[in-house]
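Subject: Handover of a structure

Dear colleague,

I am passing the structure below on to you, and I would be glad if you kept it open while you read the notes that follow it.

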Amino acid sequence: MVLGGGVPGSDEESSKVRERILRSERENRYLRRDSDDRKVIEEVFDRSTMLAVEELIARKDLGELHGVVSAGKEARVYLGEDRDKGPVAVKIYLTSASDFRKRMGYIAGDRRFGKLPSGSRQTIYLWTRKEFKNLQLADSIGVAVPKPIAFHKNVLVMEYVGVPPTPAPTFAESEVDEGDRDWAFETIRDLWKKAKLVHADFSEFNAFKYGGRDVLFDMGSAVLSSHPQAEEYLRRDVTNMVRFFRKRGIAVEEPGEVVERITN
Ligand SMILES: Nc1ncnc2c1ncn2[C@@H]1O[C@H](COP(=O)(O)OP(=O)(O)O)[C@@H](O)[C@H]1O
Ligand SMILES: [Mg+2]
């Protein structure tokens with residue numbers, strides 16, 4: 001069953017979307033009890049999120065929505081289908097998340113985004129737009145990321161990485177080697193040099209290793225290098241990855257030296 005068809009925003013369509021989502025949630029391996037299903041669906045799919053999903057369907061940026069592949073505190077990621085039935089990842093930021101103040105620092109100071117929104121909902125919408133823009137920018141300079149497809153409000157649609165319904169393994173879940181180390185630091189450098197961008201949450205949990213290719217993702221936090229804390233975030237990203245590769249027994253220079261090479 002494809003979700004489109006009814007009049008977007010109508011009660012009939014709304015309840016169809018709701019039914020479909022509830023079913024998706026039941027397929028979800030993270031949830032056990034029925035009461036949990038209800039709680040989560042209330043939390044994730046408030047009326048405005050439901051409307052945002054419907055809008056993406058009406059625009060044909062999204063077809064079917066399947067089960068949850070990741071249930072984080074701040075966002076949930078679903079397997080979906082695009083209009084040609086190809087797999088897509090649908091990332092939905094929770095508007096109920098209480099962490100929006102933390103996000104402000106990664107928005108203020110990035111001159112792409114003018115006046116700061118005052119409410120939590122608007123902040124989450126802006127965050128979603130920011131992740132979309134960051135993915136576009138990274139993609140445009142040849143950094144491997146999930147290709148961004150569309151976004152609306154707190155819902156982001158992008159290329160699915162992995163063999164559905166299983167997402168590709170992250171670095172944390174993979175064997176890594178010198179090639180992955182080189183990719184990580186070259187990617188940090190390319191972002192800095194060619195896109196003037198710092199990921200700001202670069203870690204073994206936000207990079208896939210898939211079919212002989214490394215793919216960076218989760219780019220909502222990324223800021224332009226003109227952001228007052230850009231260099232601090234850059235150093236933190238490098239230090240995280242140095243620590244990770246060393247833990248895996250792979251030789252890496254000191255973080256300071258790596259940063260030198262990236263910025264010079
Ligand atoms: N494009 C994608 N394709 C397939 N799976 C994805 C994709 N994006 C995210 N995921 C899955 O969702 C998880 C969390 O995604 P992420 O963007 O890191 O969100 P969070 O903000 O919760 O950390 C990933 O570890 C992966 O399992
Ligand atoms: Mg993540």
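A good place to begin is Ser221, whose side chain reaches the backbone oxygen of His199 at 3.1 Å. Please keep in mind throughout that this is a predicted model, and that what I describe was computed from it. Ser221 sits in the loop between S10 and S11, and with a relative accessible area of 9% it falls under the 20% limit, so it counts as buried.

The loop that holds Ser221 also holds Asp218, and here the bounds of the two strands may help you find the place, since the loop runs between strand S10 (213–216) and strand S11 (223–224). Is Asp218 buried, exposed or partly exposed? With a relative accessible area of 23%, Asp218 is partly exposed. Its backbone also deserves a look, because Asp218 has a positive phi of about 60° although it is not a glycine.

Asp218 leads on to the largest pocket, which holds about 1000 Å³ of space. This pocket is lined by 43 residues, and those closest to its centre are Lys91, Phe205, Asn206, Phe217 and Asp218. Where does the largest pocket lie with respect to the two domains? Since domain 1 (11–167) and domain 2 (171–263) both give residues to its lining, the pocket lies between them. At least two lining residues come from each of S1, S2, strand S3 (87–93), helix H4 (100–104), helix H5 (120–140), strand S5 (155–159), S7 and H7. Sorted by class, the lining of this pocket has 21 nonpolar, eight polar and 14 charged residues.

The largest nonpolar core can be read in a similar way. It has 54 residues, and the ones that touch the most other members are Phe171, Phe185, Leu216, Met219, Val238, Met241 and Phe245. The element that gives the most to this core is H7, with eight residues. Domain 1 (11–167) and domain 2 (171–263) both contribute residues to the core, so the core, too, lies between them.

Met241, one of the core residues just named, can also be related to Val252, for the C-alpha atoms of these two residues, 11 residues apart along the chain, are separated by 9.3 Å. Val252 itself is placed in the loop between H7 and helix H8 (255–263); its relative accessible area is 14%, and Val252 is therefore buried, the limit being under 20%. Within helix H8 you will find Arg261, which is partly exposed, with a relative accessible area of 48%. Arg261 and Glu186 are 75 residues apart in sequence, while their C-alpha atoms are 9.9 Å apart in space.

As for enclosed space, the structure holds one cavity of 30 Å³ or more, and about 30 Å³ of space lies in the largest cavity. Its lining is made up of Ile188, Leu191, Leu197, Val198, His199, Phe202, Leu234 and Asp237, so that His199, which Ser221 reaches through its backbone oxygen, appears here again. H6, S8 and helix H7 (230–247) each supply at least two residues of this lining, and by class the lining residues divide into six nonpolar, one polar and one charged.

Two details of the backbone remain. The peptide bond from Pro164 to Pro165 is cis, with omega near 5°, and Pro165 is located in the loop between strand S6 (162–163) and strand S7 (166–167). Lys196, in the loop between helix H6 (178–194) and strand S8 (197–198), has a phi near 50°, a positive value in a residue other than glycine.

Finally, I would point you to Glu74, which is found in the loop between strand S1 (65–71) and strand S2 (75–81). Glu74 is partly exposed, with a relative accessible area of 25%, and its side chain makes a polar contact with the side chain of Arg103 at 3.5 Å. The C-alpha atoms of Glu74 and Leu94 are separated by 5.6 Å, although the two residues are 20 residues apart along the chain.

With best wishes

Terms used. Residues numbered from 1 in each chain as written. Chains lettered and ligands numbered in written order. Predicted model: local features only at pLDDT ≥ 70, side-chain atom pairs only at ≥ 80, totals over all residues. Heavy atoms only, no water. Helix = DSSP H or I, 4+ residues; strand = E, 2+ residues; numbered from the N terminus. Buried < 20%, exposed > 50% of the residue type's maximum accessible area, 1.4 Å probe, protein only. Polar contact = N/O pair within 3.5 Å; in protein donor to acceptor, adjacent residues only side chain to side chain. 1 Å grid on protein atoms, 1.4 Å probe; cavity = no way out; pocket = protein on both sides within 12 Å on 5 of 7 lines; lining within 4 Å. Points joined across faces, edges and corners; volume = space filled by probe spheres on them. Nonpolar A, V, L, I, M, F, W, Y, C, P; charged D, E, K, R; others polar. Core = buried A, V, L, I, M, F, W, Y, C linked by side-chain atoms within 4.5 Å. Domains from an automatic or database assignment.
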